[in-house]
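Please examine the sequence and the three-dimensional model shown below. The paragraphs that follow lead through it step by step.

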Amino acid sequence: MELVAGCYEQVLFGFAVHLEPEACGGHKQKWTPVADFTHHAHTASLSAVAVNSRFVVTGSKDETIHIYDMKKKIEHGALVHHNGTITCLKFFGNRHLISGGEDGLICVWDAKKWECLKSIKAHKGHVTFLSIHPSGKLALSVGTDKTLRTWNLVEGRSAFIKNIKQSAQIVEWSPRGDKYIVVILNKIDIYQIDTASVSGTITNEKRISSVTFLSESVLAVAGDEEVVRFFDCDSLVCLCEFKAHENRVKDVFSFEIPEHHVIVTASSDGFIKMWKLKQDKVGVLAQY
């Protein structure tokens, strides 16, 4: 397992996380992080990171996207098309990469030949966030022009535009794609795809910096505070919360491996932590 992250110091770094077999006698499984690589990718701070099965791509305030080959542990090249900070990067499978930037563009890239297949003027202001539907046929984007836009990725055109009252900082599809959420400051609006209307709103204590779906109905939320909260998107109630760091949580990510559901949190306190979820319990696995 490889954990990669970018930082303000212009560096992409990676840790190989080794899972040792559980010992006899009921001892807990030990996870050991080992520094694997560092790569000075940019001339300004990193603003976005995405990974597929082989490559890591990083976006920066230096207006470029850099490609790092995880297999060979070398830089694979750079993509230059945006004017302004790269604000978001998303892979869909191993074939396509989608980028968004302060120039209002959304670009679709061939992740084999690394060519720009399509460049779309998506927003009048910055593109702040984008999310790809699990089918790969649709994408959502939000921007500083206070719009939420739906994109037909098959035809590369706008499918729907919705005006929202404020600039949203996050938009995210649920795992099945039956719903999506839009984050504005400390509020999360939940939209049902069949009605395209808000079915409920979740309010966090402070401004939200990151969200990730743990299931179709459970959402992990992090923000300008030390805790991570789990919310139920149907009942809109907070299921639980736990103190994850000593400073604000900048990002939260989740994934599943056999027998484990894992959450990764990164904070302004300089730590990245990995947490193992066990039904109603949360236990720390490793921190570094």
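**From one core residue outwards**

V182 is in contact with L148, A168, I170, V171, K187, I188, D189 and Y191, leaving aside residues up to four places away in sequence. This contact list comes from a predicted model, and the description below concerns that model throughout.

Apart from the core around V182 lies another one of 16 residues, which includes V57, I86, F91 and A111. The core to which V182 belongs is the largest nonpolar core, with 25 residues. Within this largest core, V171, Y180, V182, I188 and V211 touch the most other members. Six strands each supply at least two residues of this core: β13 (138-143), β16 (170-173), β17 (179-184), β18 (187-192), β20 (208-213) and β21 (218-223). The greatest contribution comes from β17, which gives five residues. In soluble globular proteins, nonpolar side chains tend to be buried together.

One of the contributing strands, β13, also takes part in a sheet. This open sheet has four strands in the order β12-β13-β14-β15, and the pairing is antiparallel. Its edges are formed by β12 (127-132) and β15 (157-163); each has a single partner strand, so one side of each is left without a neighbour in the sheet. On average, neighbouring strands here are turned by 20° against each other, direction ignored. Inside the sheet, β13 pairs with β14 (residues 147-152) over five bridges in the antiparallel sense. As an individual example, S141 has R149 of β14 as its bridge partner.

Another open sheet consists of three strands in the order β1-β2-β3, again with antiparallel pairing. Here β1 (2-6) and β3 (31-40) are the edge strands, each pairing on one side only. The average turn between neighbouring strands of this sheet is 20°, direction ignored. Five bridges join β1 to β2 (residues 11-19), and the two strands run antiparallel. Among the paired positions, G6 has L12 in β2 as its bridge partner.

Sequence annotation may be set beside these elements. The unreviewed UniProt entry places the feature "repeat: WD" at residues 39-71, 79-119 and 120-161. In the model, residues 39-71 are 0% helix and 58% strand, with the end C-alpha atoms 14 Å apart. Residues 79-119 are 0% helix and 61% strand, and their end C-alpha atoms lie 13 Å apart.

The charged side chains provide a further set of links. How many salt bridges does a search of the whole structure find? The search finds eleven. In one of them, the side chains of R95 and D110 meet at 3.0 Å, N to O. This pair links distant parts of the chain, as R95 is in the loop between β8 (86-92) and β9 (96-101), whereas D110 is in strand β10 (residues 105-110), 15 residues apart. The two partners can be classed by accessibility, for which buried means under 20% relative accessible area and exposed means over 50%. R95, at 40% relative accessibility, therefore counts as partly exposed. D110 has a relative accessible area of 6% and is therefore buried.

A salt bridge also joins D224 and R248, whose closest N and O atoms are 3.9 Å apart. D224 lies in the loop between β21 and β22 (227-232), and R248 in the loop between β23 (238-243) and β24 (249-257), so the pair ties together parts that are 24 residues apart in sequence. Both ends of this link are partly exposed: D224 has a relative accessible area of 28%, and R248 has one of 35%.

Strands β22 and β23 are themselves connected by a charged pair. The side chains of R229 and E241 form a salt bridge of 3.0 Å, N to O. R229 belongs to strand β22 and E241 to strand β23, with their positions twelve residues apart in the chain counted as their separation. Is each partner buried or partly exposed? R229 is buried, with a relative accessible area of 8%, whereas E241 is partly exposed at 46%. These two residues are not an isolated pair, for E225, R229 and E241 are linked in a network of salt bridges.

Technical notes: Residues numbered from 1 in each chain as written. Predicted model: local features only at pLDDT ≥ 70, side-chain atom pairs only at ≥ 80, totals over all residues. Heavy atoms only, no water. Core = buried A, V, L, I, M, F, W, Y, C linked by side-chain atoms within 4.5 Å. Buried < 20%, exposed > 50% of the residue type's maximum accessible area, 1.4 Å probe, protein only. Contact = heavy atoms within 4.5 Å. Pairing = 2+ DSSP bridges. Axes fitted to C-alpha atoms, helices over the stretch in contact; angles between N-to-C directions. UniProt positions renumbered as here; feature names shortened; annotations may be inferred. Salt bridge = Lys/Arg side-chain N within 4 Å of Asp/Glu carboxyl O.
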